Amino acid sequence: MLKTGDKAPYFEGHDQDGNLIKLSDFAGRKLVLYFYPKDNTPGCTAEACDLRDNYRRFLAEGYSVVGVSRDSAASHKKFAAKYSLPFPLISDPDLAVLKAYEAYGEKKMYGKTVTGTLRKTYVIDADGTIFDIISKVDTKAHSSQILSDTAEINAASGRR
């Protein structure tokens, strides 16, 4: 079970433009790595658009943003274009990244237990450690969730 303070698991995958995105690309920078079930669904669209709308704020705070789902790169390309998403979306059809980050498993949907992608966000510090894990994502206000959580953690630890 991953927890804050753990070293972030290595990942790599191709984004909507065919670029190889790796954890090591973000060495020395903070990263918001968010996992979502499916392109063009209401909750996933709300979450992506909230992150898009606050993207400059993330950059100003020193964060990069990367999304991950099982969708194909072609699906991601259409999704990113349709909603003007400025960040990479990694296609993970073989579930390697999802499983490494414990973002694939059992969940409740419409009262039934199913296996699928879990909506989850990891904030990874510049040194590659997990700084925060958000498992109860508010899709319409996820940026505020991320930034207020990290501000509270920083204040409690005396960090900036």
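This note comments on selected strands, one helix and the aromatic contacts of a predicted model.

1. Strand S3. This strand spans residues 30-35 and is mostly covered, with five of its six residues buried. Its pairing with two other strands is taken up in the next point.

2. Partners of S3. Strand S4, residues 63-69, pairs with S3 in the parallel sense, and six bridges join the two. Within this pairing, leucine 33 has valine 66 of S4 as its bridge partner. Strand S8, residues 120-124, pairs with S3 in the antiparallel sense over five bridges. Here valine 32 is matched with valine 123 of S8 as its bridge partner.

3. Lysine 30 and tyrosine 63. Lysine 30 is placed over the face of tyrosine 63, at 4.5 Å from the ring centre. Residue 30 falls within the range of S3, and residue 63 within that of S4.

4. Helix H1. The helix comprises twelve residues, 42-53, and its span from the first C-alpha to the last is 16 Å, close to the 16 Å expected at 1.5 Å a residue. Its buried residues are Cys44, Thr45, Glu47, Ala48, Cys49, Asp50 and Leu51. The list thus includes the acidic residues Glu47 and Asp50.

5. Threonine 45. This residue belongs to helix H1. Its relative accessible area is 12%, and because the cut-off for buried is under 20%, threonine 45 counts as buried. Leaving aside residues up to four places away in sequence, threonine 45 touches Asn40, Phe79 and Tyr83. Phe79 and Tyr83 are also members of the aromatic cluster described next.

6. Aromatic cluster. One cluster is formed by Tyr34, Tyr36, Tyr55, Phe79, Tyr83 and Phe87. Among them, Tyr34 lies within the residue range of strand S3.

7. The pair of phenylalanine 11 and tyrosine 101. The structure holds ten aromatic pairs. In one of them, the ring centres of phenylalanine 11 and tyrosine 101 are 6.1 Å apart and the planes meet at 70°, so the arrangement is edge-to-face. The pair connects distant parts of the chain, its members being 90 residues apart. Phenylalanine 11 sits in the segment before strand S1 (12-14), whereas tyrosine 101 occupies the loop between helix H4 (96-100) and strand S6 (104-109). Both phenylalanine 11 and tyrosine 101 are buried.

How values were computed. Residues are numbered from 1 along each chain as its sequence is written. This is a predicted model: local features need pLDDT of at least 70, side-chain atom pairs count only at pLDDT 80 or more; totals for chains, interfaces and linings use all residues. Side-chain values use heavy atoms; hydrogens and water are left out. Buried means under 20% relative accessible area, exposed over 50%, partly exposed in between (1.4 Å probe, protein chains only). Helices (H or I, at least four residues) and strands (E, at least two) are DSSP runs, numbered from the N terminus. Two strands pair if DSSP finds at least two bridges between them. The expected span of a helix is 1.5 Å times one less than its number of residues. Rings of Phe, Tyr and Trp (its six-membered ring) pair if their centres lie within 6.5 Å; planes under 30 degrees apart count as stacked, over 60 as edge-to-face and the rest as tilted. A charge sits over a ring if NZ of Lys or CZ of Arg is within 6 Å of the ring centre and within 35 degrees of the ring normal. Contact means heavy atoms within 4.5 Å.
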